[in-house]
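Colleague: Could you take a close look at one part of this model with me? I'd like to go through the site around the ligand.

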Amino acid sequence: MRLAGKKIVLGLTGGVACYKIAELTRSLGKAGATVQVVMTQAATQFITPVTMQAISGNTVFTDQWDARIHNNMPHIDLTRDADAIVIAPCSTNFMFKLAHGACDDLLSTLCIARPAHIPLLIAPAMNVEMWQNPATQRNVAQLKADNIRVMGPAAGDQACGETGMGRMLEPAQLLTEIIASFQAKSLAGKRLLITAGPTFEPIDPVRGITNLSSGKMGYAIAEAAWEAGAQVTLISGPTALAQPYGVQRIEVQTAQQMYDAVMTSLNTKSQDAFVAVAAVADWRVANASNQKIKKTCDSDTPQLEFAQNPDILALVAALPDAPYCVGFAAESENLLQYGAAKRAKKNIPLLVGNIGHQTFGKDDNELILFDVHGHQALGRADKKTLAGKLVSEIASRIKK
Ligand code: C5P
């Protein structure tokens, strides 16, 4: 319920992408928001006010002369208790109207009459040529300069049959953007490098050694850091998780590949913090076979030899210009004692401890922070809530 108590005025303008707004409305409601739908006449050609009323649970407004508002001023009354106005889809024409301050229908009048403290977010949706047109691009630049949040668009197949920039973001991505718009930008202008998930160390082309890490905690931290305004690079071992919106993901398999990807990222762009959440294999199979190892007789067992993997976190922490390093410790017992010892051994300012078998694959977790002053429990919560708390902690420590 990350939008609990929020009122969103959701404006629809003319575009095929209107059909996706039914789903966005439902997901805004599920996240706890109250949704007040306002539609232009063109939008009603693509989806009916009946559908939008049924899904939002609120009367839909389309007309600036609507007498259902007691003072007959829907362009004022509909936004006074709103927390945000979202225009999705936002047509080429509506972007032009917003950029120039037009007010010739209810939705455009409502936007220009909004109090300055109410954020306006738009999700452009149009044909690739319309998007690329210099007039449209001038309007986009003006909207950004006016502090209007432009969400997307994305590139891809379009309803008209052409391909390119101009697709509206998917409803789940818009929901992420809207939730993020309410978060404090504690990491604005900062770059975070995060490792997540397990690693997979091959034994032969079809077998390998891995662990039970699902990647959920690392991915939740990547999402929370993006919501807080950071540029996030996520280096991920094999997981079943989708790429987090807004985050650059680099997929790797082995610990050596993860190390190489971390070092390449650090060499390409300086990073403000390195958060090592991945459950990295300590050893790899030194004599991995290029071909599948065959079972030749019942008494036969392969003789595996092991070599140590690079300790990515310790090596990053030892760099002369090391970013602020945060490590994780997944222990099975004695967390307080092992956590403090691990922080000291790795020589890092912050270590986050948890009990491995109580968290791997689960949606909730219990974290303990270890720093030079001692330890502090963040308590049991779902991983997304904990990720938000941890990101605030990292932000305040980077600023010091
Ligand atoms: O040494 P240990 O595996 O217990 O330390 C855990 C922490 O170190 C985690 O933050 C993990 O991501 C990181 N680590 C690493 N490279 C390794 C082993 C662990 O970055 N080879």
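Which polar backbone atom is 2.6 Å from an oxygen atom of the ligand?

Modeller: Happy to! Please keep in mind that this is a predicted model. The backbone atom you are asking about belongs to Ala-278, and an oxygen atom of the ligand is 2.6 Å from it. Leu-313 also offers a polar backbone atom, with an oxygen atom of the ligand 2.9 Å away. A side chain takes part as well: a polar atom of Lys-346 lies 2.9 Å from an oxygen atom of the ligand. As for cover, the ligand taken alone exposes 440 Å², and the protein buries 87% of that. Three elements give two or more residues each to the shell around the ligand, namely α11 (312-317), β16 (324-331) and α12 (335-346). In total, 13 residues surround the ligand, and those that come nearest are Ala-276, Ala-278, Pro-310, Phe-328 and Lys-342.

So that you can place these residues as you turn the model, here is a short way through the site. Start at Ala-278, which is among the nearest residues and has the backbone contact at 2.6 Å. Then go to Leu-313 for the backbone contact at 2.9 Å, and finish at Lys-346, whose side chain supplies a polar atom 2.9 Å from a ligand oxygen. Phe-328 and Lys-342 are also worth displaying, since both are listed among the residues that come nearest to the ligand.

Key:
Residues numbered from 1 in each chain as written. Predicted model: local features only at pLDDT ≥ 70, side-chain atom pairs only at ≥ 80, totals over all residues. Heavy atoms only, no water. Near = heavy atom within 4 Å. Polar contact = N/O pair within 3.5 Å; in protein donor to acceptor, adjacent residues only side chain to side chain. Areas by Shrake-Rupley, 256 points an atom, 1.4 Å probe, with all protein chains shown as cover. Helix = DSSP H or I, 4+ residues; strand = E, 2+ residues; numbered from the N terminus.
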